Amino acid sequence: MFELLLRPFAAVGNLTLAGLGTMGRAWTLFSGAAASVRNTDIWTPHLVPQMARIGVASVPIALFIATFTGIVMSLQASYTLTGAIPLYFVGTLVGKTMILELGPVLTGLILAGRVGANISAELGTMRVTEQVDALETLAYDPLAYLVVPRVLAGVLMFPIVVLLAISIGILAGWFTALQLLEMSSSEFVKGLRLYFAPWDVWFAAIKSVSFGAVVTGSGCFYGLHTEGGAEGVGASTTRAVVVACMIIVCLDAFWAAVLL
Amino acid sequence: MERKREVMVGFVVVLGLAVAVVGSMWLRDGFNRGQTRLQTAATSVGALVPGALVKFRGVTVGRVESIAVLPSGEAVMVDMRIRPELVIPANAGVLLAPESMFGEWQAEILDRTEFGLPPFLDYPQEGVLPGAALPDFSRLTATFDQIARNLTTISDRVEVAFTEETALNLKGVIDNMSVVSDLLSEIIEQQSQRFETLADGVDESAQELGDAARAARLSFERFDSLLTGAGVEQMFADAGESLSNLRNITGDVGSTMTDLREAAQRVDATFERMETVLTALEDPEGSLGRLLGDPAFAEGALGALNEFRGLLADIQRNPGRYLRFSVFE
């Protein structure tokens, strides 16, 4: 009976300790990675390949998602704005929404699945197959070799992918407005320019940088802390994606509150 | 393979940055960025934001570059970029107003001689156009919102103030109002009766006045018929003759009055003489005074008078004894 009463407290205590332990390990990992940045001879050769894997290879899926997001936004905006509100606000809605919210967040979530899972699975496999231990045994800095180029590649390439996605999304919305909504180009562009501020683009870029760091950092963290065999790799991959998505959504709200 | 990967990464990075930069510039200025800088100052800019359109006679000629409150706080300075070929009117002003009902604002360059209102702010600086901002729909809604808030506050206060005691007091007031209402109805009834009496009197007077009016009308009709008859000329002739007689009588009266005036003068002279006589009579030293006052003197005078009367009788009887006539002497 007494044990039954203690069980909830034990659960809370375990969660707290697990959270603190995770935070401590994350701090150790990323502070170590930051310290490893000075080992440029280790990570620089791997930076461009990682940029290609994380950024360039992610462009098609990002553009695909953005294209259909733009189309849906345009159609739904016209459906919503039927009546007293002029139709050129479709351009406003598509532009603002794509730049401020859907472009960065959707791209971030998509890349969390693609890039975060990829990194986590790769590093998790290396961990369970003791390749990481081998690097440490050879006095090769695993953080400089594995973490730094991936995180830097994510930080550098996410904004590029997001900016391309935003552009394609707006173009898709524009095209949809012309073809399906009987709007003219001048109407759509008028709405698009109506509330445009250059700061919006900076806002999207800043968010994308943080999303890139989160997605790649989450993949590296859970990959390098994988335990067990293939099952552990799968679990760490899942955990990396889920945590990255949650942090992206939280960061989205944070940046909106701080920067807008 | 490595080279190809580098090219791909470089291409994507350059493409992404180019899209961001060129897209931002295009969305902001539409590649029609004006080269001429124009400034205006206004007390307020409403909902104007950087990037808003600048129009002249309805045509977009530029965009708002920046908006800043002056350090003194007396005005807001708006920087604009407009097409260089545009000729600004000499008496130009900038009107900041909503472009539509949906919140977007614009800056419109206009000739103030053609558009008198509203009052533009003439900022004392060279090259700064006078500016003015119109109130927009959002201000009206904000005002309505404030009114609604005030009404809410009032209703809350009424709710707080309306206690059971207030209700009882209100009931008492309503009862008093009922009593007052009864009194008022009674007074009104009395007044209405008085008014009815007064109305009867007025009706009677009106009937009398009507009778009088009818009598007057009859008299006037008679008078009218009299005036229109043949006897009028005779009446005027008689009246003329009467006037002539009256004039003669007046002349006679005038002469009579002259005679009377002369008689009065004579009477006046007689009275003066009589006054002299009376004065002499009143004088005790005079002859008449002594005659009246002294019996002996009176008797003497009476005796002398008798003798004088006898003398006169003797003269009448024997005039030759006393008087002698000679024609040639």
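Colleague: Which residues does Val215(A) touch, not counting those up to four places away in sequence?
Modeller: This is a predicted model. In it, Val215(A) touches Gly108(A), Leu111(A), Ala112(A), Val115(A) and Gly116(A). Phe158(A), Ala244(A) and Ile248(A) complete the list.

Colleague: What makes these count as contacts?
Modeller: Heavy atoms must come within 4.5 Å. Each residue on the list of Val215(A) passes that test.

Colleague: Where does Val215(A) stand in the largest nonpolar core?
Modeller: Val215(A) is one of the residues with the most contacts inside that core. The others named are Leu123(A), Leu146(A), Val147(A), Leu224(A) and Val12(B). The core has 46 residues. Helix H6 (residues 142-180) of chain A gives the largest share, eleven residues.

Colleague: Why is this called a nonpolar core?
Modeller: Its members must be buried, of the listed nonpolar kinds, and joined through side-chain atoms within 4.5 Å. Another core lies apart from this one, with 28 residues. Among them are Ile99(A), Leu181(A), Leu194(A) and Leu27(B).

Colleague: How many helices and strands does chain A have?
Modeller: Nine helices and zero strands. Buried residues make up 48% of its 260 residues. Take its contacts between residues at least 6 apart in sequence: 85% of these join residues at least 24 apart.

Colleague: And what is the secondary structure of chain B?
Modeller: Chain B has seven helices and seven strands. From the N terminus, one helix is followed by the seven strands, then by six helices. Buried residues make up 19% of its 329 residues. Of its contacts between residues at least 6 apart, 53% join residues at least 24 apart.

Colleague: How many residues of chain B are in contact with chain A?
Modeller: 23 residues of chain B are in contact with 26 residues of chain A. The buried area is about 2100 Å², and carbon and sulfur atoms give 76% of that. One residue pair is in polar contact across the interface. Helix H1 (residues 2-29) of chain B gives the most to its side, with 16 residues. That side divides into eleven nonpolar, five polar and seven charged residues.

Colleague: How many salt bridges does the rule find across this interface?
Modeller: Zero. Over all chains, the search of the whole structure finds 13.

Colleague: What makes Asp200(A) and Lys96(A) a salt bridge?
Modeller: Their closest N and O atoms are 2.6 Å apart. The cut-off is 4 Å, so the pair qualifies. Asp200(A) lies in helix H8 and Lys96(A) in helix H4, so the bridge ties together parts 104 residues apart in sequence.

Colleague: How do you know that Asp200(A) counts as buried?
Modeller: Its relative accessibility is 6%. Buried means under 20%, so Asp200(A) counts as buried. Lys96(A) has 26%, between the 20% and 50% limits, so Lys96(A) is partly exposed.

Colleague: Why do the side chains of Arg3(B) and Glu6(B) count as a salt bridge?
Modeller: N to O is 3.9 Å. The limit is 4 Å, so the pair passes. Arg3(B) and Glu6(B) are three residues apart in helix H1 of chain B, so about one helical turn separates them.

Colleague: Is Arg3(B) buried or exposed?
Modeller: Arg3(B) has 64% relative accessibility. Exposed means over 50%, so Arg3(B) is exposed. Glu6(B), at 35%, is partly exposed.

Colleague: What makes Arg81(B) and Glu65(B) a salt bridge?
Modeller: The closest N and O atoms are 3.8 Å apart, so they fall within 4 Å. Arg81(B) is in strand E4 (residues 76-82) and Glu65(B) in strand E3 (residues 59-69), 16 residues apart. Arg81(B) is partly exposed at 25%, and Glu65(B) is partly exposed at 24%.

Colleague: Which residues do salt bridges that share partners join into one network?
Modeller: Arg53(A), Glu122(A) and Arg150(A).

Colleague: Why is Lys55(B) called buried?
Modeller: Its relative accessible area is 15%, under the 20% limit, so Lys55(B) is buried. Lys55(B) sits in strand E2 (residues 53-56) of chain B. Its contacts include Thr60(B), Val61(B), Glu99(B) and Ile109(B).

Colleague: What makes the pair of Lys55(B) and Gln106(B) a polar contact?
Modeller: Their side chains meet at 3.4 Å. The cut-off is 3.5 Å, so the distance fits.

Conventions:
Residues are numbered from 1 along each chain as its sequence is written. Chains are lettered from A and ligands numbered from 1 in the order in which they are written. This is a predicted model: local features need pLDDT of at least 70, side-chain atom pairs count only at pLDDT 80 or more; totals for chains, interfaces and linings use all residues. Side-chain values use heavy atoms; hydrogens and water are left out. Buried area is the accessible area (1.4 Å probe) that two parts lose on being put together, summed over both. A polar contact is a pair of N or O atoms within 3.5 Å; within protein, one must be able to donate a hydrogen and the other to accept it, and residues adjacent in sequence count only if both atoms are side-chain atoms. Helices (H or I, at least four residues) and strands (E, at least two) are DSSP runs, numbered from the N terminus. Ala, Val, Leu, Ile, Met, Phe, Trp, Tyr, Cys and Pro count as nonpolar, Asp, Glu, Lys and Arg as charged, and the others, Gly among them, as polar. Buried means under 20% relative accessible area, exposed over 50%, partly exposed in between (1.4 Å probe, protein chains only).
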